[in-house]
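Q: Please take a close look at the charged side-chain pairing in this structure, starting with a helix. Then set it in context with what lies elsewhere in the chain.

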Amino acid sequence: MKKLWLRFMGACLRMLVRMMGRIIYRIRIQGVEHIPQQGGALIVANHTSYMDFVLLVCGLPRPVRFIMNAHTFRKPMLNALLRGLHCVPVETGMGKQGHEEFNRVVKEQLDEGHLVAIFAEGTVSRTGQLLEFRKGVEHISQMITAPIIAVHFDNVQGSPYTYRAGGKKMVVPSLRSLRRLVRINIGKPMHGATTAFHLRQKMKELEAESFAQRISLREKISSLVLKNICNAPSGSWRINNDKMEFSELGSKISSLHLVLKEHLEGEKAVGVLLPKSLDSLLIHLYLLLNDKCIVNIHPDMDNEDRLAVFRQSGLRALITTRNLSFARLAPNAHTIIYIEDILQSLASGKKLSPVCSGAQRFRNEMMSWFRWTSPVPNAVTILFEKKNDTLVSVSLSHGNLMAVITALRQVYFFRKGSMMLADLDLFHSYGFVLEFLMPLISDLNLETLPEQCDEKHFMEKLLEHQPSLVLTTPTQLNALAELSQVRNLPFLTNIFTADIDPEHDAVDVLEQRGLPVMTCAGLNATTSVIAVNLANVKGKDLAGKDLEQENYERGSIGKPLPGVALRIADENDSGKELAAGAVGKILVMGASIASVNGRDDVEGEHPQEAARWLDTGWRGYMNAKGFVFLEE
């Protein structure tokens with residue numbers, strides 16, 4: 001009778017938990033067919049929230065058992081509840097005996113044909129990145145015959161009882177935090193012994209798949225920027241002594257539209273050959289909001305390369321300057337619009353007259369018949385760079401840009417209204433994402449320099465404007481470390497550097513002074529950032545015990561961003577993944593990976609598997625914790 005009562009109470013409790021889960025979250029489940037209809041299976045899930053057990057109860061078609069500390073069962077109010085939810089008590093300890101007892105109970109439950117769930121990270125992630133998997137999962141895999149199934153929860157961060165970027169404050173239930181769309185991605189069963197590293201890698205692949213599906217449902221990057229501009233923003237652009245408030249952008253874009261609409265209507269792509277200025281940033285913003293593909297042409301390109309840019313991107317329109325020292329050898333476009341004429345037209349109210357002769361128009365119409373490619377329809381911008389004397393184009397779509405920005409905001413909290421100092425350019429994805437888009441989306445006050453300057457000038461700007469966030473080059477990072485030894489910098493909270501191998505002495509000096517350095521690694525083809533070294537997190541867990549999560553590893557480029565799967569592959573077979581510590585070529589996969597000139601780098605015995613991955617051209621290894629190290 002008691003067993004029947006417990007079974008009935010358990011069914012009622014599971015129903016209540018599922019109802020609660022459906023109220024708190026909007027749940028989408030993928031891969032439910034991978035859960036066996038009968039027999040045991042070990043469920044290994046990522047741990048982003050203290051409510052993850054609710055998601056497992058909601059997402060799995062069969063009752064799932066959780067292994068819990070027996071001390072919890074001794075509390076009268078919880079005993080019946082936990083037993084009703086099929087939680088299994090185990091006397092665990094910190095030593096070997098406690099681990100053996102835990103493994104024994106898991107095996108016993110699996111042999112009885114139950115689904116058993118464990119969280120291999122051992123604690124809730126406070127950074128948005130997947131933590132190291134505990135070695136216990138390896139020992140269990142060697143003892144059992146039941147399959148191991150990875151289950152990934154996506155987009156949980158920001159829902160109740162999770163930690164926002166930075167890991168200090170827990171999200172409490174509120175109307176704003178409820179009804180978050182959460183995707184539960186259930187992986188294919190894995191049989192036989194496995195390693196914690198291999199299982200973590202499979203979890204990262206599930207994460208990349210779910211992340212890409214989430215990004216595909218989100219709004220365009222242009223819509224996100226427009227929304228921030230319309231919501232009374234407090235950010236601004238500043239170059240030298242010129243400043244433009246984001247609250248002014250709406251009226252300025254409307255005025256530009258009256259001037260440029262007639263001349264750019266029907267153009268899918270527009271070339272931009274301009275020095276960095278407020279007017280240049282405004283032109284970029286206008287093209288972005290009007291869904292024009294921005295083709296940034298580097299001023300250092302020679303005439304041959306510029307003509308190749310026009311052919312490959314299908315350009316007909318070019319916005320440039322009359323300053324011939326900057327725009328020398330400008331190719332003849334169907335329509336050339338000078339920034340000086342745009343400004344004069346705005347000031348006088350007169351109609352804009354683009355430069356375009358009949359001969360130029362005829363010649364370009366003829367050239368268009370032999371154009372090699374056309375712009376990617378969904379591309380926000382096309383960037384070009386020289387590799388081995390070959391001009392390589394990278395098309396960044398709305399999805400690519402939304403993916404990297406979402407991932408960066410997931411691991412780092414960009415405080416609204418913060419001052420950011422940088423001197424990147426818009427000809428590379430780093431500048432386009434971190435200097436152009438991020439301030440608009442996160443509502444930052446950007447202090448940017450018209451061109452890359454020396455360390456002395458950069459430090460002068462640093463002391464003058466006192467930014468809280470700095471984007472540095474390697475030499476600027478070293479100068480900043482020297483400055484911090486003789487000058488207190490209380491205004492600085494974080495330092496970003498794109499140097500994949502910064503001088504460790506400089507990093508150590510800054511860290512000792514409470515200035516965390518976040519090392520970013522990426523390529524044009526990866527929408528600027530694929531991996532980042534974050535600051536270590538220290539705090540307390542729910543029981544009040546000291547907690548530390550390791551997010552920084554000296555000498556590494558950090559861990560892959562959320563939504564990015566990274567693997568070390570065999571030199572001769574991109575489909576063959578290597579174990580932790582083994583050196584090979586570095587491949588990446590995820591929504592932030594851009595389209596690069598049509599892929600032709602697939603080789604080896606597993607072509608279908610390799611085709612999903614982009615070869616970064618780097619060699620290195622990944623340790624068991626997930627940190628990536630580069631080798632020459």
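A: Glu464 and Lys461 both lie in helix 16 (residues 455-465), three residues apart, which is about one turn of the helix. Helices here are DSSP runs of H or I with at least four residues, strands are E runs of at least two, and both are numbered from the N terminus. The model is a predicted one, in which local features need pLDDT of at least 70, side-chain atom pairs count only at pLDDT 80 or more, and totals for chains, interfaces and linings use all residues. Residues are numbered from 1 along each chain as its sequence is written, and side-chain values use heavy atoms, with hydrogens and water left out.

Glu464 and Lys461 form a salt bridge, with their closest N and O atoms 4.0 Å apart. The term requires a side-chain nitrogen of Lys or Arg within 4 Å of a carboxyl oxygen of Asp or Glu. The two partners differ in cover: Glu464 is exposed, at 51% relative accessibility, whereas Lys461 is buried, at 9%. Buried stands for under 20% relative accessible area, exposed for over 50%, and partly exposed for what falls in between, with a 1.4 Å probe and protein chains only. Salt bridges with shared partners also join Glu101, Arg104 and Glu108 into one network. The structure holds 20 salt bridges.

Another of these bridges is in helix 7 (residues 196-216). There the side chains of Glu207 and Lys204 meet at 2.7 Å, N to O. Glu207 and Lys204 are separated by about one helical turn because they are three residues apart in that helix. An α-helix has 3.6 residues a turn, so residues three or four places apart point the same way. In this pair Glu207 is buried, with a relative accessible area of 6%, and Lys204 is buried too, at 5%.

The bridge between Asp443 and Lys416 has an N to O distance of 3.8 Å. This pair links distant parts of the chain, 27 residues apart. Asp443 sits in the loop between helix 15 (429-442) and strand 17 (445-448), and Lys416 in the loop between helix 14 (398-411) and strand 16 (419-422). Asp443 is buried at 1% relative accessible area, while Lys416 is exposed at 54%.

Next come the loops, helices and cysteines away from these pairs. His191 is in the loop between strand 7 (180-186) and helix 7. With a relative accessibility of 62%, His191 counts as exposed. Its C-alpha is 4.9 Å from that of Pro147, although His191 and Pro147 are 44 residues apart in sequence. Helix 2 (residues 52-59) is mostly covered, with seven of its eight residues buried; among them are Leu55, Leu56 and Cys58.

At the surface, Met15, Leu16 and Met19 make a nonpolar patch of about 330 Å². Patch residues have over 30% relative accessible area and no salt bridge; like charges are joined within 9 Å, and nonpolar side chains (Val, Leu, Ile, Met, Phe, Trp, Tyr) within 5 Å. Areas follow the Shrake-Rupley method with a 1.4 Å probe, and for residues only the protein chains shown count as cover. Met19 belongs to helix 1 (residues 2-24) and is partly exposed at 47% relative accessibility. The whole structure contains zero disulfides (cysteine sulfur pairs within 2.5 Å). Cys12 is partly exposed, at 32%, whereas Cys87 is buried, at 9%.

The last part is a sheet. Five strands form an open sheet in the order 26-25-27-29-30, with antiparallel pairing. Strands count as paired if DSSP finds at least two bridges between them. Strand 26 (573-577) and strand 30 are at the edges with a single partner strand each, so one side of each lacks a neighbour in the sheet. Neighbouring strands are turned by 60° against each other on average, direction ignored. Such angles lie between axes fitted as lines to C-alpha atoms, for helices over the stretch in contact, and run from 0 to 180 degrees between N-to-C directions.

Strand 27 (residues 584-590) pairs with strand 29 over four bridges, and Val588 stands opposite Leu614 in strand 29. Strand 29 (residues 614-622) is in turn joined to strand 30 (residues 628-631) by four bridges, running antiparallel. There Met622 stands opposite Val628. The hairpin of strand 29 and strand 30 has five residues between the strands, and Gly626 takes a positive phi near 100° in it.
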